[in-house]
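Here's a quick briefing to read with the model open beside you. Take it topic by topic and find each residue as you go.

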Amino acid sequence: MKYKAPYLYFSPHIETILPSLFRKVDGIEYQRERLNTPDDDFLDLDWLQDNNDKLVIVCHGLEGSSDRPYVKGMARALHNNNFDILAWNYRGCSGEMNKNLRFYHSGATDDLELVINHSISLGYNEIFLIGFSLGGNLVLKYSGEKERNIQEQVKKVIAFSVPLDLEAGSNKIAEPSNFIYEKRFLNNLIEKVKQKAAKMPDQLSTTHIKKIKTLYDFDDFYTAPIHGFKNASDYYSKCSSINYVTNIKIPTLIINAKNDPFLPGKCYPSDVLSKNKMITFEFPERGGHVGFTEFNQDRMYWSEKRALNFILK
């Protein structure tokens, strides 16, 4: 299945921005469940259920949620093909700030494992993981960490638009051509820090905010120390999925468009990925970041068709 971008989508930024801002996905009515975590916090899970025994767990990207069009589009496409769907929201991403100091981050596989085990407890015997961007890094890191010990119910993994090398990706998004994206992410992240600091001023300070100019800065001042890393580079090194993919033992699909404005060359490591025969990697020329728009009567984007094809084959 080769991707061909619509004629009018003539730049990677158009391919990235238009589906994010203007795609409308109707027919999605989630049922929300609040899952308590072992550290007395919570995760909000959004379900589409029709008593299927096969479940797709969808993991969103940085500052995303279950309401993002790319999540809803994937949820609708696979739910219409007889899969139950769990679109879960990371800590602080469901519309309500989480209770603890910690937020979410690119390597927080403990929360993903909690969601998977909760799903298994509900009786699902076939589970498929799909992640976008940060969520793609998360599912790949998790699968590589677990190796052969991954739950037998987890059958396949799919990752789109993945910053496999987090530090290289952070440097890429700091380029002037990506200013609008980085600024949007930073505005959202800084606002969350302010909200949380207002609730726990003895644990979280806002004094560093004025020093933050890039996502690297944010990760250096907040993400890393809050979550037990020495600094941003330590966080990136320990959480980059490129360091785990060779250990994955279940069928895995990785798709990164070559014109993705967020991804540098290190996120297309054919030499590394080809060493693991369980991985299918595809680097289409077009697609943007979490784009892959396609116009058709069934309202499915190419990424949704490709995911369904990979799961069913």
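C59 has a relative accessibility of 0%, so it counts as buried (buried is under 20% relative accessible area, exposed is over 50%, and partly exposed is in between, using a 1.4 Å probe and protein chains only). Keep in mind that this is a predicted model, where local features need pLDDT of at least 70, side-chain atom pairs count only at pLDDT 80 or more, and totals for chains, interfaces and linings use all residues. Residues are numbered from 1 along each chain as its sequence is written, and side-chain values use heavy atoms, with hydrogens and water left out.

**Cysteines**

- Searching the whole structure turns up 0 disulfides (a disulfide is a pair of cysteine sulfur atoms within 2.5 Å).
- C59 is in no disulfide, and its nearest cysteine sulfur belongs to C93, 12 Å away.
- C267 is also buried, because its relative accessibility is 0%.
- For C267, the closest cysteine sulfur is in C239, and at 15 Å that is too far for a bond.

**The whole chain**

- The protein chain has 10 helices and 8 strands (these are DSSP runs numbered from the N terminus: H or I over at least four residues for helices, E over at least two for strands).
- Its radius of gyration is 18 Å, close to the 20 Å that the globule rule gives for 313 residues, so the chain is as compact as a globular protein of that length (the radius is taken over C-alpha atoms, and the rule is 2.2 Å times the number of residues to the power 0.38).
- Along the principal axes, the C-alpha trace of the chain spans about 50 × 45 × 40 Å.
- Of the 313 residues in the chain, 60% count as buried.
- Look at contacts with a separation of 6 or more, and 76% of them come from residues 24 or more positions apart (contact means heavy atoms within 4.5 Å).

**Surface and charge**

- The chain exposes about 13,700 Å², and carbon and sulfur atoms supply 49% of that (areas come from the Shrake-Rupley method with a 1.4 Å probe; for residues, only the protein chains shown count as cover).
- There are 40 positive side chains (Lys and Arg) and 39 negative ones (Asp and Glu), with His and the chain ends not counted.
- The centres of those two sets lie 4 Å apart, placing each charge at NZ of Lys, CZ of Arg, CG of Asp or CD of Glu.

**Helix 2**

- Helix 2 runs over residues 69-79 and is mostly covered, with 11 of its 11 residues buried.
- Among those buried residues are K72 and R76, along with Y70, M74 and L78.

**P261 and its neighbours**

- You'll find P261 in the loop between strand 7 (252-255) and helix 9 (270-273).
- P261 counts as buried because its relative accessibility is 9%.
- Leaving out residues up to four places away in sequence, P261 touches P12, H13, T16, K172, N178, Y181, G288 and H289.
- Q195 is 66 residues from P261 in sequence, and their C-alpha atoms are 30 Å apart in space.

**Positive phi angles**

- E147 isn't a glycine, yet it has a positive phi of about 50°.
- E147 sits in the loop between helix 4 (134-146) and strand 6 (154-160), and at 33% relative accessibility it counts as partly exposed.
- V290 isn't a glycine either, and its phi is positive at about 50°.
- V290 lies in the loop between strand 8 (279-282) and helix 10 (302-312), and at 14% relative accessibility it counts as buried.
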